Amino acid sequence: YATPLLLMANKGGYNYTFVEEPSEDFKCPICLLVLRNPHLTGCCGQNLCESCIQSTRERSSQCPLCRREDYQSMRDLKEKRKILSLEVYCTNRRGGCTWKGTIKEIDDHLRPSEAEGECRYEFLFCPYKCGMKLRRSKIKKHMSEECFRRPFTCKYCTYSATYLEVTRVHYVECVKYPVSCPNGCREECNIPRGEVSRHLTECHLQVIPCPFKEQGCGEEC
């Protein structure tokens, strides 16, 4: 049993595929979906979704069904318990998830905003806000190895920032980042950037001007 898609999550009734087709008594006459947080009207005794009542009251004070003015409504907890016990399939069934359980249980199964959760087929946005959306089964690898906004510490000092900032910005200026000798000597090919000046005073390939340069000598050795 497939229900129409809702434009906004958690607005209107439940948008699930049910194991058995629900009774018409469980459907909201406004959104035509299975009631979410049912509220019973005091005028005509009909149940509507809480959000459906709220949206109609923003437009009119009349009951959307019998048109009575300034009608009252109350939560129908008995009906809510019945609806929460209805069995549904996982929303990722087409992706391969075989789970089925009650409406009450599906939120724990999906946990759509958390990396930890039961359904490995649920799509999640990267918590580091890089914009990527991946299945839960792949999100941990993305967070630890692939995300350019993941926390990252310089391999050569203690500076920490995002992976992108450390590798693209910090490595260019890190005084402990290994660089080659400007003269191309092979004695020390991984010199900390901050020690290059000291190395050049010892490098056998460093060109040294004649001590008498100021007197006009142009020789270098």
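In the predicted model, Arg57 is placed over the face of Tyr71, at 4.5 Å from the centre of the ring. A second arginine is arranged in this manner: Arg150 lies over the face of Tyr163, with 4.1 Å to the ring centre.

Aromatic rings also pair with one another, and a search of the whole structure returns five such pairs. One of them joins Tyr171 and Tyr177, whose ring centres are 5.0 Å apart. The planes of these two rings stand at 40°, so the pair is classed as tilted; the tilted class covers angles that are neither under 30 degrees nor over 60. The two tyrosines fall into separate classes of accessibility. Tyr171 is buried, with a relative accessible area of 12%, whereas Tyr177 is partly exposed at 25%. Because the limit for a buried residue is under 20% relative accessible area, the value of 12% places Tyr171 among the buried residues, and the value of 25% leaves Tyr177 outside them. Ring pairs further connect Tyr171 and Tyr177 with Tyr156, and the three tyrosines form a cluster.

The chain as a whole contains six helices and eleven strands. Of its 221 residues, 31% are buried. The exposed surface of the chain amounts to about 14900 Å², of which carbon and sulfur atoms supply 49%. Among contacts with a separation of 6 or more, 24% are made by residues 24 or more positions apart.

Helix H1 spans residues 50-59, and its buried residues are Ser51, Cys52, Ile53 and Thr56. These buried residues pack against three strands, namely E1 (38-41), E2 (47-49) and E3 (73-75).

Helix H4, formed by residues 136-146, has Arg136, Ile139 and His142 as its buried residues. These residues cover an arc of only 90° around the helix axis, and they therefore lie on the same side of H4. In an α-helix there are 3.6 residues a turn, so residues three or four places apart point the same way. The face of H4 turned away from the buried side carries Lys138 and Glu145, both of which are exposed. On the buried side, the residues of H4 pack against helix H3 (103-110) as well as strands E6 (123-125) and E7 (133-135).

Two residues were noted for their backbone geometry. Most residues other than glycine have a negative phi. Asn37, however, has a positive phi, near 50°. Asn37 belongs to the segment before E1 and is partly exposed, with a relative accessible area of 27%. Arg67 likewise has a positive phi, near 70°, without being a glycine. The position of Arg67 is in the loop between H1 and E3.

The confidence of the prediction was considered along the chain. The mean pLDDT is 88, and 88% of the residues reach 70 or more. Over residues 1-8, by contrast, pLDDT stays under 50. For this segment the model has 19 contacts beyond four places in sequence.

Technical notes
Residues are numbered from 1 along each chain as its sequence is written. This is a predicted model: local features need pLDDT of at least 70, side-chain atom pairs count only at pLDDT 80 or more; totals for chains, interfaces and linings use all residues. Side-chain values use heavy atoms; hydrogens and water are left out. Buried means under 20% relative accessible area, exposed over 50%, partly exposed in between (1.4 Å probe, protein chains only). Helices (H or I, at least four residues) and strands (E, at least two) are DSSP runs, numbered from the N terminus. The arc is that of the directions from the helix axis to the C-beta atoms. Contact means heavy atoms within 4.5 Å. pLDDT is the predictor's confidence in each residue, from 0 to 100. Rings of Phe, Tyr and Trp (its six-membered ring) pair if their centres lie within 6.5 Å; planes under 30 degrees apart count as stacked, over 60 as edge-to-face and the rest as tilted. A charge sits over a ring if NZ of Lys or CZ of Arg is within 6 Å of the ring centre and within 35 degrees of the ring normal. Accessible areas come from the Shrake-Rupley method with a 1.4 Å probe; for residues, only the protein chains shown count as cover.
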